[in-house]
Amino acid sequence: MTIASIKGIVKRYKDQIALDYVDLDIHEGEILGLLGPNGAGKTTLIQCLMGIIPFDKGVIQLFGEEGAVFHHENKKKMGLVTQEITVFEELTAKENLEFFAGVYGLKGEEKKQRVKEALEFVGLSSKAKQSPNKFSGGMKRRLNIACALTHRPKLLIMDEPTVGIDPQSRNHILDAVRKLKEQGTTILYTTHYMEEVQSIATRVVIVDQGQVISEGTVDELIKNIQHEEKIFIDVNDVSTIPIERLRGLEGVKQVQVSGSVVQIISNAGAGNLDRALSIVKETSGVVGIQAEKPNLEDVFLTLTGKQLRDGEDDPS
Ligand SMILES: Nc1ncnc2c1ncn2[C@@H]1O[C@H](COP(=O)(O)OP(=O)(O)OP(=O)(O)O)[C@@H](O)[C@H]1O
């Protein structure tokens, strides 16, 4: 089932086009990684999807409905973890959760129970009575996530939830996202850290300059750009390797020897590398093999001609 469907959305800020005919479907039960550099339009897309800002063109369907979809019942099925941490510093962690649970109409015993569960879920039960102004950035972020969970949304939207936080909290958040998926929550996870997308997303949409430039599973995206494979084989005796025979193999593009290492580049697929490796093994002992595969960064580079995170810090 499609939880949300975005069709031909255009959003302009004066002369600036932030979303340029974007199409995007979010399927039930997936973790959809929305990957794009700063300014790509990710936050704008989320704000349109949540009905927070109007858009100039296009249609959004939510939970199978069309038309006036941004009514209260649908909004109660969504949870948003905003890019900026939005918690009340002067309230305790528990009071923050009680406030947001109240906004979503939870009351009495149910509210109490959900607040308790949310605190446990993000590992902040022992800090329930403390104010977030004493928390680290990562703890604040975890509280922020808990605030979006008390009403058990069907669709959880997270806008760059790991920017600028410590690795321990980051891992905690990634684990929590996986756990939520197992419990049946659909998640739209926005980031410009490709490592995160690679580790948690079931499907990826890459956006750049307000446009969707590619989508698929991580493997599919990599396969689309993967024209070559490269392996480095460290051998016992390089003099015994039949270099010309390797070069003559179908699909093999280049064979080079450097010290005790034979480097083979071949066209992707069709077992080219396997055949080359068998020949090497026939003629010499093999000490080690190293393969080089493209990653999402390479996908992005191929599609846009630029690095995904120019000048950005590594999250880990
Ligand atoms: N309120 C606004 N007024 C004018 N321009 C805006 C506004 N909000 C966003 N933009 C512009 O729209 C484009 C998309 O911005 P958006 O914040 O959606 O990107 P993003 O992918 O979320 O980037 P970031 O990771 O930096 O938040 C950018 O060029 C941005 O400068």
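This passage walks through a predicted model of one protein, from its overall build to its ligand shell, a pair of helices and a single residue.

We can begin with the protein as a whole. Eleven helices and 13 strands make up its list of secondary structure elements. Measured out along the principal axes, the C-alpha trace spans about 80 × 45 × 35 Å. Of the 316 residues in the protein, 36% are buried. The contacts also tell us something about how the chain is folded back on itself in sequence terms: among contacts between residues at least 6 apart in sequence, 70% join residues at least 24 apart.

Next comes the ligand. Around the ligand there are 14 residues, and Tyr13, Ala18, Lys42, Thr43 and Thr44 come nearest. Two elements, β2 (16-27) and α1 (42-49), each supply at least two residues of this shell. Helix α1 gives the most, with three residues. Sorted by class, the shell holds three nonpolar, nine polar and two charged residues.

A pair of helices deserves a look of its own. Helix α8 covers residues 218-225 and helix α11 covers residues 296-304; their axes come within 9 Å and cross at roughly 50°. The two helices are therefore oblique to each other, since an angle counts as oblique when it is neither roughly parallel (under 35 degrees), nor roughly perpendicular (65 to 115), nor roughly antiparallel (over 145). The crossing of α8 past α11 is left-handed. On the α8 side, the residues that take part are Val218, Leu221, Ile222 and Ile225, and they meet Leu296, Asp298, Val299 and Thr302 of α11. By class, this contact has six nonpolar residues, one polar residue and one charged residue.

Finally, we can zoom in on one residue, isoleucine 289. Isoleucine 289 sits in strand β13, which runs over residues 286-292. Is this residue buried, exposed or partly exposed? Isoleucine 289 has 14 other C-beta atoms within 10 Å, so it is partly exposed; a buried residue would need 20 or more such atoms, and an exposed one would have 12 or fewer. Which residues does isoleucine 289 contact, once its neighbours within four places in sequence are left aside? Its contacts are then Ile231 and Ile233. Valine 261 offers another reference point for isoleucine 289: the two are 28 residues apart in sequence, and their C-alpha atoms are 9.2 Å apart in space.

Conventions
Residues are numbered from 1 along each chain as its sequence is written. This is a predicted model: local features need pLDDT of at least 70, side-chain atom pairs count only at pLDDT 80 or more; totals for chains, interfaces and linings use all residues. A residue is near a molecule or strand if its C-beta atom, placed from the backbone, lies within 6 Å of it. Helices (H or I, at least four residues) and strands (E, at least two) are DSSP runs, numbered from the N terminus. Ala, Val, Leu, Ile, Met, Phe, Trp, Tyr, Cys and Pro count as nonpolar, Asp, Glu, Lys and Arg as charged, and the others, Gly among them, as polar. Axes are lines fitted to C-alpha atoms, for helices over the stretch in contact, and angles run from 0 to 180 degrees between N-to-C directions. A crossing is left-handed if the near helix is turned anticlockwise from the far one by less than a right angle, and right-handed if clockwise. Two residues are in contact if their C-beta atoms, placed from the backbone, lie within 7 Å.
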